[in-house]
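Welcome! Please take a moment to look over the sequence and the 3D structure, and then read on for a short tour of the inside.

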Amino acid sequence: MRIGIDLGGTKIEAIALAGDGSIRARRRVPAPRGDYAATVTALRDLAQAVASEAGATGPIGVGIPGTISPATGLIKNANSVWLIGHPLDRDLAAATGRPVRLANDANCFALSEASDGAGAGHGVVFGVILGTGCGSGIVVDGRVLTGPNAIAGEWGHNPLPWPQPDELPGPQCYCGKRGCQETFLAGTGLERDFLEQTGRDLKAAAIATAAEAGDAQAEAALQRYEHRLARGLAAILNVVDPDIVVLGGGLSNLDRLYRNVPKLWGAFVFSDTVSTPLVKNRHGDSSGVRGAAWLWPPA
Ligand SMILES: [Zn+2]
């Protein structure tokens, strides 16, 4: 048994994952926002609750909205800012008496889909989350790439490639730069673009519904989005050439992406042919928490 925990900004979810990939227990609680000590306590209680319900315990993996700095062993790059600067893995291990591994939540998504999801059986899996943010993870032969700076896969804060004149200098990003891919490819990026171009304030799902109903402005916004996503992914294909690309997050539910983006990315990939599959995730909202459990080998 392995315990997986997905530590989000608003909720914490935990599962007990059996060796056969089945979930034996699942619990979800609101995240104690702004309080580090309460977060550690909530994680401990949740881990103990799912272990008790499953009737077995095991090592704990936690997906976090940030990463552990290799230089300090402390959390950095977290939008849940009360985690920053703390050794969460050591504190949770001390609180639970169990071994603990932490990983970035996008890396957990990619690991889940590579292990027993849509990317299973593929050697190099590029997993992308298109949600409130735009993160990604790279898994090679079942192992997440992290790198000496623990930033492998931080694709969202590269500039949007092959920018068009009206995309420059691009929207301000919270990271301090302008024109990051995240400002275009996150769900909020689609919504901002639609608002700027049309004066209509709609959520991403409503824009997609409107496009399906024949709304020309919504259709144009989704076509701009698809062209931007194709350019962003083409840059990855040119560097990593993954065996498969798996999409997650809210916008991965747009089925048209899987039809349209592969028709567009060939113009930017440095190859005469592009056979890379672009597919939807298999485990949906559960991928993050499953991937956290997959930080430990099946047992
Ligand atoms: Zn940025």
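The notes below cover the nonpolar cores, one enclosed strand, and the empty spaces.

This is a predicted model, so please read it as such. Its largest nonpolar core has 38 residues, and a second, separate core has 30. There is also 1 cavity of 30 Å³ or more, while the largest pocket has a volume of about 1500 Å³.

**The nonpolar cores**

- In soluble globular proteins, nonpolar side chains tend to be buried together.
- Here the largest core brings together 38 residues, and those with the most contacts inside it are Leu130, Trp155, Leu229, Leu233, Leu247 and Trp265.
- Two or more residues of this core come from each of β8 (124-130), β9 (134-140), α4 (181-185), α5 (187-198), α6 (204-212), α7 (216-239), β11 (244-248) and α8 (256-265).
- Of these elements, α7 gives the most, with 10 residues.
- To see how the core is joined up, try starting at Leu229: leaving aside neighbours within four places in sequence, Leu229 is in contact with Leu130, Trp155, Leu185, Leu247, Leu257 and Val261.
- The second core, separate from the one just described, numbers 30 residues, including Leu7, Ala31, Val50 and Ile68.

**An enclosed strand, β4**

- Strand β4 covers residues 60-64, and 5 of its 5 residues are buried, so β4 is largely enclosed by the rest of the structure.
- Which residues of β4 lie on each side? Ile60, Val62 and Ile64 are on one side and Gly61 and Gly63 on the other, and all of them are buried, with both faces covered.
- One pairing partner is strand β1 (residues 2-7), which runs parallel to β4 over 4 bridges; within this pairing, Ile3 has Ile60 as its bridge partner.
- Another partner is β7, also paired with β4 in the parallel sense, over 5 bridges; here Val62 is bridged to Leu102.

**The cavity**

- Rolling a probe the size of a water molecule over the atoms shows where empty space is left.
- The largest cavity has a volume of about 40 Å³.
- Its lining is made up of Leu7, Gly8, Ala31, Pro32, Thr39, Ser80, Trp82 and Leu83.
- By class, that lining has 5 nonpolar and 3 polar residues, with no charged ones.
- Leu7 and Ala31 appear both in this lining and in the second core.

**The largest pocket**

- This pocket, with a volume of about 1500 Å³, is lined by 47 residues.
- Which lining residues lie nearest its centre? They are Asn79, Asp105, Ile129, Thr132 and Gly133.
- The elements α3 (105-116), β9, α4, α5 and α9 (287-293) each supply at least two residues of the lining.
- The lining has 26 polar, 12 nonpolar and 9 charged residues.
- Among the elements in this lining, β9, α4 and α5 also give two or more residues to the largest core.

**The second largest pocket**

- The volume here is about 330 Å³, and 19 residues form the lining.
- Leu102, Ala103, Asn107, Thr146 and Leu295 lie nearest the centre of this pocket.
- β5 (67-68), β7 (100-104), α3 and β10 (143-144) each give two or more residues to the lining.
- β7 supplies the largest share, with 4 residues.
- By class, there are 11 nonpolar, 5 polar and 3 charged residues in this lining.
- Leu102, listed here near the pocket's centre, is also the bridge partner of Val62 from β4.

Technical notes
Residues are numbered from 1 along each chain as its sequence is written. This is a predicted model: local features need pLDDT of at least 70, side-chain atom pairs count only at pLDDT 80 or more; totals for chains, interfaces and linings use all residues. Side-chain values use heavy atoms; hydrogens and water are left out. A nonpolar core is a set of buried Ala, Val, Leu, Ile, Met, Phe, Trp, Tyr and Cys residues joined through side-chain atoms within 4.5 Å. Buried means under 20% relative accessible area, exposed over 50%, partly exposed in between (1.4 Å probe, protein chains only). Contact means heavy atoms within 4.5 Å. On a 1 Å grid over the protein atoms alone, a cavity is a set of points where a 1.4 Å probe fits but cannot get out, and a pocket is an open set with protein on both sides within 12 Å along at least five of seven lines; lining residues have an atom within 4 Å of a point. Grid points are joined across faces, edges and corners, and a volume is the space filled by probe spheres set on the points. Ala, Val, Leu, Ile, Met, Phe, Trp, Tyr, Cys and Pro count as nonpolar, Asp, Glu, Lys and Arg as charged, and the others, Gly among them, as polar. Two strands pair if DSSP finds at least two bridges between them.
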